[in-house]
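Trainee: I would like a close look at a single part of this protein. Please take one strand with its neighbours and go through it step by step.

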Amino acid sequence: MTRRWYLFPSLLLPLAALLTAFGPSDATRSVPNSSFAKGEVLQYKVHYGLINAAEATIELADNIHRVNERPCFRATVTGRTTGSFDYFLRIRDTWRSYIDTTSILPQRFFRNIEEKNYRKQETVDFDHIKDMASVESHKRDKNNVKRNTFKIPNNVQDIVSGFYYLRTLNYDQRRVGEVIKVQGFFDEDVYNMDVIYKGRETVETKAGAIRAIRLVPKMPDNKLFRGENAVSVYLSDDRNKIPVLIQAELVLGAVKVDMYKYQGLRNRLNLVAKN
């Protein structure tokens with residue numbers, strides 16, 4: 001299906017795989033979180049070479065929601081093409097997760113995909129006690145709804161909640177080259193991916209120079225990315241651990257996702273002072 005090769009989904013899929021990090025535990029785990037709180041908003045520009053191709057926003061709602069009788073953060077990721085890319089691709093995607101404030105596990109996941117002529121809506125409800133996921137989806141015809149139930153691993157993440165869980169990890173205790181095991185549930189399937197901790201660097205973003213943690217997801221063989229280490233994700237090297245820069249080497253060029261604006265951070269961002 002040609003939609004899988006569009007720019008924005010092509011960029012999001014490796015990131016999505018990275019964001020689904022999980023740690024083995026019991027179904028009622030408690031994850032310490034000093035990195036984010038409600039009201040956080042992160043905004044990005046997506047560049048294909050020198051061209052401004054798209055914009056993306058990642059935000060936490062200002063209030064706490066209750067899903068499955070659990071208090072949850074409502075996290076929403078939106079992406080849209082801009083300029084000339086919008087003329088021949090036109091992408092309007094929304095991904096949303098209701099994330100348990102204690103376990104940082106998803107209680108409900110929603111996505112609305114509009115990519116050129118392709119349409120899909122999907123809702124996933126998670127039962128972490130029974131380790132089951134109930135999926136309701138439809139493509140063009142809203143009356144033609146498909147419902148399925150799937151067995152899932154303990155403490156599995158969706159692609160949005162995993163992003164926030166990744167931010168709770170302590171990278172001070174990791175060695176350069178250490179592999180973080182990744183597991184998630186996406187598109188009615190459970191998948192695995194390894195993420196390599198590459199150490200710390202200072203990166204230039206539109207928001208300024210930022211000290212960052214570099215993570216590299218090992219990519220499977222494919223015709224899109226240039227090698228298994230083609231994607232680098234940089235998290236701010238502070239208590240926030242927000243993604244400040246993503247770089248992807250494609251067979252047909254390079255893509256960069258650059259944070260340019262932020263608000264509502266729980267902690268001060270570790271910007272590098274200019275001389």
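Mentor: What follows is a walk through strand S6 and the strands around it, with a few other places for comparison. The model is a predicted one.

Some background comes before the strand itself. The protein chain contains three helices and 15 strands. It has 275 residues, and 55% of them count as buried. The accessible surface of the protein chain is about 13,200 Å², and carbon and sulfur atoms hold 47% of that surface. Take the contacts between residues at least 6 apart in sequence: 54% of these join residues at least 24 apart.

Now to S6, which covers residues 106-115. Seven of its 10 residues are buried, so S6 is largely enclosed by the rest of the structure. A residue is called buried when its relative accessible area is under 20%.

Which strands pair with S6? One partner is strand S5, residues 92-100, which runs antiparallel to S6 and is joined to it by six bridges. To find this pairing in the picture, look for Thr94, whose bridge partner in S6 is Asn112. S5 and S6 form a hairpin, with five residues between the two strands. Ile104 sits in that turn and has a positive phi of about 55°.

Another partner is S7, residues 118-127. S6 and S7 are also antiparallel, and eight bridges pair them. Here Glu115 has Tyr118 in S7 as its bridge partner. These two strands make a hairpin with two residues between them.

The loop of that hairpin holds Lys116. Lys116 is not a glycine, yet its phi is positive, at about 55°. How well covered is Lys116? Its relative accessible area is 41%, so Lys116 counts as partly exposed, a class that lies between the 20% limit for buried and the 50% limit for exposed.

Lys241 is a useful residue to set beside it. Lys241 lies in the loop between strand S13 (231-236) and strand S14 (243-250). Its phi is positive and near 55°, and Lys241 is likewise a residue other than glycine. Its relative accessible area, however, is 12%, and therefore Lys241 is buried.

Go back to S5 and follow the pairing the other way. S5 is joined to S4 by nine bridges, and these two strands run antiparallel. In this pair, Phe73 stands opposite Ile99 in S5. S4 itself covers residues 70-81 and pairs with strand S2, residues 51-60, in the antiparallel sense over seven bridges. Glu59 stands opposite Thr76 in S4.

S4 also pairs with strand S3, residues 65-67, again antiparallel, over three bridges. Arg66 has Pro71 as its bridge partner in S4. S3 and S4 form a hairpin with two residues between them, and Asn68 in the turn has a positive phi of about 55°.

One last residue brings us back towards S7. His138 belongs to strand S8, residues 132-138. Its relative accessibility is 11%, so His138 counts as buried. Apart from neighbours within four places in sequence, His138 is in contact with Lys120, Gln121, Asn144 and Val145.

To retrace the path, start at S2, which pairs with S4. From S4 go to S5, from S5 to S6, and from S6 to S7.

How values were computed:
Residues are numbered from 1 along each chain as its sequence is written. This is a predicted model: local features need pLDDT of at least 70, side-chain atom pairs count only at pLDDT 80 or more; totals for chains, interfaces and linings use all residues. Side-chain values use heavy atoms; hydrogens and water are left out. Helices (H or I, at least four residues) and strands (E, at least two) are DSSP runs, numbered from the N terminus. Buried means under 20% relative accessible area, exposed over 50%, partly exposed in between (1.4 Å probe, protein chains only). Contact means heavy atoms within 4.5 Å. Two strands pair if DSSP finds at least two bridges between them. Accessible areas come from the Shrake-Rupley method with a 1.4 Å probe; for residues, only the protein chains shown count as cover.
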